[in-house]
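Work through the exercises below with the model open beside you. Try each task before reading its solution.

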Amino acid sequence: MEDKETLHFTIFGLNFTLHPKRYFALVLKVWLAMCVVLLVSVLVFNYEMTNADIPGGLIAGGLLAYLLHIIIE
């Protein structure tokens, strides 16, 4: 039995499900973890940030959170 908070959508014929509360909680945790990794790499390994780090990290974090969301489900 599906609860009312589960969303279903289709992209290119593939069906996806989404639990918004769980997904957004995972997104925040993934973004925080990615910020810690970026901070450590800048401070410890002398990494120099580029213009693509922030927007790429936001997109990658959202996709990684959805992957974790699917795996946990």
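This model is predicted.

**Exercise 1. The pocket lining**

Task: Find how the residues lining the largest pocket divide into nonpolar, polar and charged.

Solution:
- Start with the split: 6 residues are nonpolar, 1 is polar and 1 is charged.
- Now list the lining: W31, M34, C35, L38, D53, I54, G57 and L58.
- Assign the classes. Asp counts as charged and Gly as polar, so D53 is the charged residue and G57 the polar one of this lining.
- Trace the lining to its elements. Helices α1 and α2 each supply at least two of its residues.
- Finish with the volume. The largest pocket holds about 200 Å³ of space.

**Exercise 2. An aromatic pair between helices**

Task: Classify the geometry of the aromatic pair formed by Y23 and Y66, and say which parts of the chain it links.

Solution:
- Count first. The structure holds 4 aromatic pairs.
- Take the pair of Y23 and Y66. The ring centres are 6.2 Å apart, and the planes make an angle of 70 degrees.
- Apply the cut-offs. Centres must lie within 6.5 Å, and planes over 60 degrees apart count as edge-to-face. The pair of Y23 and Y66 is therefore edge-to-face.
- Place the residues. Y23 belongs to helix α1 (residues 20-44) and Y66 to helix α2 (residues 53-72). They are 43 residues apart, so the pair links distant parts of the chain.
- Check exposure. Both Y23 and Y66 are buried.
- Widen the view. Ring pairs join Y23 and Y66 with F9, F16 and F24 in a cluster.

**Exercise 3. A polar contact ahead of the first helix**

Task: Decide whether T6 and H19 are buried or exposed, and describe what joins their side chains.

Solution:
- Locate T6. It sits in the segment before β1 (7-11).
- Locate H19. It falls in the loop between β2 (14-18) and α1.
- Test T6. Its relative accessibility is 9%, so T6 counts as buried.
- Test H19. Its relative accessible area is 15%, so H19 is buried.
- Join the two. Their side chains make a polar contact of 3.1 Å.
- Add the surroundings of T6. Beyond neighbours within four places in sequence, T6 is in contact with T17, L18 and H19.
- Compare with a pocket residue. H19 and C35 are 16 residues apart along the chain, and their C-alpha atoms are separated by 24 Å.

**Exercise 4. Two helix residues**

Task: Determine which class, buried or exposed, applies to S41 and which to L63.

Solution:
- Begin with S41, which is placed in helix α1.
- The relative accessible area of S41 is 16%, so S41 is buried.
- Look for a polar partner. A polar atom of the S41 side chain lies 2.8 Å from the backbone oxygen of L38. L38 also lines the largest pocket.
- Look further along the chain. Not counting residues up to four places away in sequence, S41 touches N46 and Y47.
- Turn to L63, which is placed in helix α2.
- The relative accessible area of L63 is 60%. The exposed class starts over 50%, so L63 is exposed.
- Relate L63 to the pocket lining. M34 is one of the lining residues. The C-alpha atoms of L63 and M34 are separated by 13 Å, with their positions 29 residues apart along the chain.

Terms used:
Residues are numbered from 1 along each chain as its sequence is written. This is a predicted model: local features need pLDDT of at least 70, side-chain atom pairs count only at pLDDT 80 or more; totals for chains, interfaces and linings use all residues. Side-chain values use heavy atoms; hydrogens and water are left out. Rings of Phe, Tyr and Trp (its six-membered ring) pair if their centres lie within 6.5 Å; planes under 30 degrees apart count as stacked, over 60 as edge-to-face and the rest as tilted. Helices (H or I, at least four residues) and strands (E, at least two) are DSSP runs, numbered from the N terminus. Buried means under 20% relative accessible area, exposed over 50%, partly exposed in between (1.4 Å probe, protein chains only). Contact means heavy atoms within 4.5 Å. On a 1 Å grid over the protein atoms alone, a cavity is a set of points where a 1.4 Å probe fits but cannot get out, and a pocket is an open set with protein on both sides within 12 Å along at least five of seven lines; lining residues have an atom within 4 Å of a point. Grid points are joined across faces, edges and corners, and a volume is the space filled by probe spheres set on the points. A polar contact is a pair of N or O atoms within 3.5 Å; within protein, one must be able to donate a hydrogen and the other to accept it, and residues adjacent in sequence count only if both atoms are side-chain atoms.
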